[in-house]
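Here are some short exercises on helix packing, cysteines and single residues, each with a worked solution. Try each task on the structure before you read on.

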Amino acid sequence: MTENSENVRHKAEPAKAAVSTFAVFGFALAILCALAAVLSGPGHRWGWWDFRVGFSILRWAAYVGLGAVGISLVGCIRARPGGPRRGFAWAVLGFVTSLAVVGVLALKEWNYLRIAREVPPIHDITTDTMNPPRFIAILPLRKDAPNPAEYGGAAIAAQQNKGYPDLGPAIFDVPPDQVFERAGAVARAMGWSIVAAVPIEGRIEAVDTTFWFGFKDDVVVRITPVGPGSRVDVRSVSRIGRSDLGTNAKRIRTFLTKLAATVASSAY
């Protein structure tokens, strides 16, 4: 083949289309939003930023994610097969990723708002609103907490009784020392960090850390004798936030359910 024919062949080949900027930029924004959403909570757990910053990161991840959806959609059109640009796969990945991020965040926000309307805006829940279990060993850990360790009194009790009428003490036909042992085992199995366990007082104090943002909620379990059996009261209090979105009530229910199952199984 001669040099002239080689030049003619190269001239006859169409130039390779450029990659769509919309496709690449939309994909990059989508990945950035996904990373921001994933790190918003753990960043607070690791001490990188305040929890309010984490919430702001989530909001901005949703806003920027919406923009990434639009940009990636334009990229899909521009880089479609047979279109003027390349990068269709990047555009599709960007569209799907950003749409997933926005969808998950929107669903979480909707769920939070729904729960907030259904539960009372309180963060101190107990099975005994007349004489709630008191914190002792945990008090130094709460010294910088915005929420006080002291119970809020009749106003809080009224809201709890209206929002969680099912919550109450658990009664067992088992001596306090045996219930105390099983209560400690259940608390550890639930992932609580035991701060104090005082058998003579029937008192267990522990800290439960939420999964995503790592919020610290404090729990105190009080076991008292009732005839030959035992009465178990539990109090769970968040260190920050006005409303716990039902977290403390759910924690108490779960603990008492597991404790009842453990006590029942040990009776056989």
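**Exercise 1. Find the handedness of the crossing of helix 2 and helix 4, then describe how the two helices pack.**

Step 1. In this predicted model, helix 2 and helix 4 cross in a left-handed sense.

Step 2. Now look at the geometry: the axis of helix 2, residues 21-45, comes within 8 Å of the axis of helix 4, and the crossing angle is roughly 30°. Angles under 35 degrees count as roughly parallel, so helix 2 and helix 4 are roughly parallel to each other.

Step 3. Next, list who meets whom. Helix 2 brings A23, G26, F27, A30, I31, C33, A34 and A37, while helix 4 brings W90, A91, L93, G94, T97, S98, V101 and L105.

Step 4. Sort these residues by class: the contact of helix 2 with helix 4 has 12 nonpolar and four polar residues, with no charged ones.

**Exercise 2. Work out how helix 3 and helix 4 are oriented towards each other.**

Step 1. The axes of helix 3 and helix 4 lie 8 Å apart, at an angle of about 150°.

Step 2. Angles over 145 degrees count as roughly antiparallel, and helix 3 and helix 4 therefore fall in that class.

Step 3. The crossing of helix 3 and helix 4 is left-handed.

Step 4. On the helix 3 side, the contact is made by L58, A61, A62, G65, L66, A68, V69, S72, L73, G75 and C76; on the helix 4 side, by F88, A91, V92, G94, F95, S98, L99, V101, V102 and L105. By class, the contact of helix 3 with helix 4 has 16 nonpolar, five polar and no charged residues.

Step 5. Finish with the loop between helix 3 (51-78) and helix 4 (88-118), where you will find R86. R86 has a relative accessible area of 38%, so R86 is partly exposed. The C-alpha atoms of R86 and A18 are 6.0 Å apart, although 68 residues separate R86 and A18 in sequence.

**Exercise 3. Classify the packing of helix 6 and helix 7 as parallel, antiparallel, perpendicular or oblique.**

Step 1. Helix 6 spans residues 176-189 and helix 7 residues 247-266; their axes come within 9 Å and cross at roughly 130°. That makes helix 6 oblique to helix 7.

Step 2. The crossing of helix 6 and helix 7 is right-handed.

Step 3. V179, R182, A183, V186 and A187 of helix 6 make the contact with F255, K258, L259, T262, V263 and S266 of helix 7. The residues in this contact of helix 6 with helix 7 are seven nonpolar, two polar and two charged.

**Exercise 4. Explain why C33 and C76 form no disulfide with each other.**

Step 1. The structure holds zero disulfides.

Step 2. For C33, the closest cysteine sulfur is that of C76, 16 Å away, which is too far for a bond. The search from C76 leads back to C33, again at 16 Å and too far for a bond. The cut-off for a disulfide is a pair of cysteine sulfur atoms within 2.5 Å.

Step 3. Check the surroundings too: C33 is buried at 2% relative accessibility, and C76 is buried at 13%.

**Exercise 5. Decide whether Q160 and V207 are buried or exposed, and list their contacts.**

Step 1. Q160 sits in helix 5, residues 154-163. With 1% relative accessibility, Q160 counts as buried.

Step 2. Leaving aside neighbours within four places in sequence, Q160 is in contact with I122, D124, I125, T126, T129, Y151, P165 and L167.

Step 3. V207 belongs to strand 4, residues 203-209, and its 8% relative accessibility counts as buried.

Step 4. Under the same exclusion of neighbours within four places in sequence, the contacts of V207 include I138, L141, W192, S193, V195, K216, D217, D218 and R239.

**Exercise 6. Describe the backbone and setting of L245.**

Step 1. Most residues other than glycine have a negative phi. L245, in contrast, has a positive phi, near 55°.

Step 2. L245 lies in the loop between strand 6 (229-238) and helix 7.

Step 3. At a relative accessible area of 30%, L245 is partly exposed.

Key. Residues are numbered from 1 along each chain as its sequence is written. This is a predicted model: local features need pLDDT of at least 70, side-chain atom pairs count only at pLDDT 80 or more; totals for chains, interfaces and linings use all residues. Side-chain values use heavy atoms; hydrogens and water are left out. Axes are lines fitted to C-alpha atoms, for helices over the stretch in contact, and angles run from 0 to 180 degrees between N-to-C directions. Helices (H or I, at least four residues) and strands (E, at least two) are DSSP runs, numbered from the N terminus. Angles under 35 degrees count as roughly parallel, over 145 as roughly antiparallel, 65 to 115 as roughly perpendicular and the rest as oblique. A crossing is left-handed if the near helix is turned anticlockwise from the far one by less than a right angle, and right-handed if clockwise. Contact means heavy atoms within 4.5 Å. Ala, Val, Leu, Ile, Met, Phe, Trp, Tyr, Cys and Pro count as nonpolar, Asp, Glu, Lys and Arg as charged, and the others, Gly among them, as polar. Buried means under 20% relative accessible area, exposed over 50%, partly exposed in between (1.4 Å probe, protein chains only).
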